[in-house]
Amino acid sequence: MNKVIILTIDGGGIKGIIPAYFLQELESQLNKSCYEIFDMIGGTSTGGIIATGLTSPIQNGQPFTASEVFNIYQNDGSKIFVSQFSADDYAEYYGDDGTGNGIEPFLQQQFGTSTLSEAQANMQKLGGRTKHVFTTSYTINSSGNAIPNPVMGKDYGPYLFNWKDAANAADDYKVWEAARATSAAPTYFPVANVGGGQNANSNASERWALDGGVMSNNPTVWAVAEAFRTGMAKTLSDIVIISLGTGTYPCGAGLVTADQGGLDPDNGNWGVGPWAVSNLDDLSGNENGRGAIINIITESVQMVSDQQITSMTASGLTYYRLEPTILQDQSKMDNIDQSNIDSLIVTATDYLNGDGQKKFNDIVSLLKTLLPVSVTA
């Protein structure tokens, strides 16, 4: 069996510019678009937006190139992060402000009305390599109403918007819905209401969905599972995974326990207030900003997936992960200031010229051996 080449992309908001830059460089090195390189592409949150953008019909049936995705992160952050200027009772940014602004109208404009099954059919028409695409999400309700006897998978629980299941009408969501649901980060954006056939929604089953980052900010384990579920792989040795992170801030993965100062108790004796609201100090002594528990969960789910996948290499899985270290100010998913965007680009560039250079070159060399050689007239 030929190797199954899989790309996975983490969540991280505006930090998606980091994997977009990596993919831009990869496409340049291989002289191919991502849909000509990878058999499967999966993503969480901002990574899900990238995954669908690289594989769905955007202009005249062509998906975005990585460079076009990179340009979106450079230039369009203000169209996605549209502030509600509201009290803490509401999400910080609009889903749709009713006048065409917000993440939902933006995604609808980018992806149009194509469904997941139509994106897959278009890929076959293009003769692309990609056979499966998924975005992660978590369903919290099916109808929005009280459900006395909820069913996992329908009314609550992890859910993948994906090409395989889109063969069923109930799972054939519009591409923009898959992107909207996977990026519905709690407190940042409203819960995504997709399907149900109302307004611009698809006729697929109605869902109220959260950002996949609440369970799988690094979607690589899902990718392995999907490779087996779809029959694309029989053993771990059939699989090559290229996993792209959006930058890790190591000090954000822990907290100072001895002396927090102010009103917060010392020695970790914290209740709801300190964990969820207060600015507990991270390992560097800097305040967290939005509640430490959110940062801890986000960092931990990424590390868990990486450790799990790394352990599978002992059974033949080929695994590469590219992720630079970033600073605290860079770690904020909604920091769309131009100076921060520029700094993220510098970080990504420096990484490929420094700590990540050998790994990136190894990826390029491996893919050149696995991909068919382009023949020019």
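**Figure 1. The largest cavity of the predicted model.** This cavity holds about 240 Å³ of space. Its lining is made up of 22 residues. Closest to the centre are Thr46, Ile49, Tyr73, Ile80 and Phe106. Four helices each give at least two residues to the lining: helix 2, helix 3 (66–75), helix 4 (77–80) and helix 5 (103–111). Helix 5 has the largest share, with 5 residues. By class, the lining of the largest cavity has 15 nonpolar and 7 polar residues. Charged residues are absent from this lining. In total, the model has 2 cavities of 30 Å³ or more.

**Figure 2. The second largest cavity.** About 40 Å³ of space lies here. Which residues line the second largest cavity? They are Phe22, Leu23, Leu26, Ile242, Leu244, Leu322, Phe360 and Ile363. Helix 1 (17–30), strand 7 (239–244) and helix 13 (357–370) each provide at least two of the lining residues. Helix 1 gives the most, with 3 residues. The lining of the second largest cavity counts 8 nonpolar residues, with no polar and no charged ones.

**Figure 3. The largest pocket.** Its volume is about 720 Å³. The lining consists of 32 residues. Nearest the centre of the pocket lie Tyr188, Ile294, Asn295, Thr298 and Met333. Helix 8 (213–216) and helix 11 (292–312) each bring at least two residues to the lining. The largest share, 7 residues, belongs to helix 11. By class, the lining of the largest pocket has 16 polar, 9 nonpolar and 7 charged residues.

The next three views turn to pairs of helices. Two packed helices are described by the distance between their axes and the angle between those axes.

**Figure 4. Helix 2 against helix 7.** Helix 2 spans residues 46–53, and helix 7 spans residues 175–182. Their axes come within 7 Å. The axes cross at roughly 160°. Angles over 145 degrees count as roughly antiparallel, so helix 2 and helix 7 are roughly antiparallel to each other. Is the crossing of helix 2 and helix 7 left-handed or right-handed? The crossing is right-handed. On the helix 2 side, the contact uses Gly48, Ile49 and Thr52. On the helix 7 side, these residues meet Val175, Ala179 and Thr182. By class, the contact of helix 2 with helix 7 has 3 nonpolar and 3 polar residues, and no charged ones. Ile49 of helix 2 is in this contact, and Ile49 is also among the residues closest to the centre of the largest cavity.

**Figure 5. Helix 5 against helix 7.** The axes of helix 5 and helix 7 come within 9 Å. They cross at roughly 145°. This crossing of helix 5 and helix 7 is right-handed. Helix 5 makes the contact with Ile103, Glu104, Leu107, Gln108 and Phe111. Helix 7 makes the contact with Val175, Trp176, Ala179 and Arg180. By class, the contact of helix 5 with helix 7 has 6 nonpolar, 1 polar and 2 charged residues. Val175 and Ala179 of helix 7 take part here, and Val175 and Ala179 also meet helix 2.

**Figure 6. Helix 1 against helix 3.** The axes of helix 1 and helix 3 come within 8 Å. How are the two helices oriented relative to each other? Their axes cross at roughly 155°, which makes helix 1 roughly antiparallel to helix 3. The crossing of helix 1 and helix 3 is left-handed. From helix 1, the contact is made by Ile17, Ala20, Tyr21, Leu23, Gln24 and Glu27. From helix 3, the contact is made by Ala66, Ser67, Val69, Phe70, Tyr73 and Gln74. By class, the contact of helix 1 with helix 3 has 8 nonpolar, 3 polar and 1 charged residues. Two of these residues appear in earlier views. Leu23 of helix 1 also lines the second largest cavity. Tyr73 of helix 3 is also among the residues closest to the centre of the largest cavity.

Methods. Residues numbered from 1 in each chain as written. Predicted model: local features only at pLDDT ≥ 70, side-chain atom pairs only at ≥ 80, totals over all residues. Heavy atoms only, no water. Axes fitted to C-alpha atoms, helices over the stretch in contact; angles between N-to-C directions. Parallel < 35°, antiparallel > 145°, perpendicular 65-115°, else oblique. Left-handed = near helix turned anticlockwise from the far one by under 90°. Contact = heavy atoms within 4.5 Å. Nonpolar A, V, L, I, M, F, W, Y, C, P; charged D, E, K, R; others polar. 1 Å grid on protein atoms, 1.4 Å probe; cavity = no way out; pocket = protein on both sides within 12 Å on 5 of 7 lines; lining within 4 Å. Points joined across faces, edges and corners; volume = space filled by probe spheres on them.
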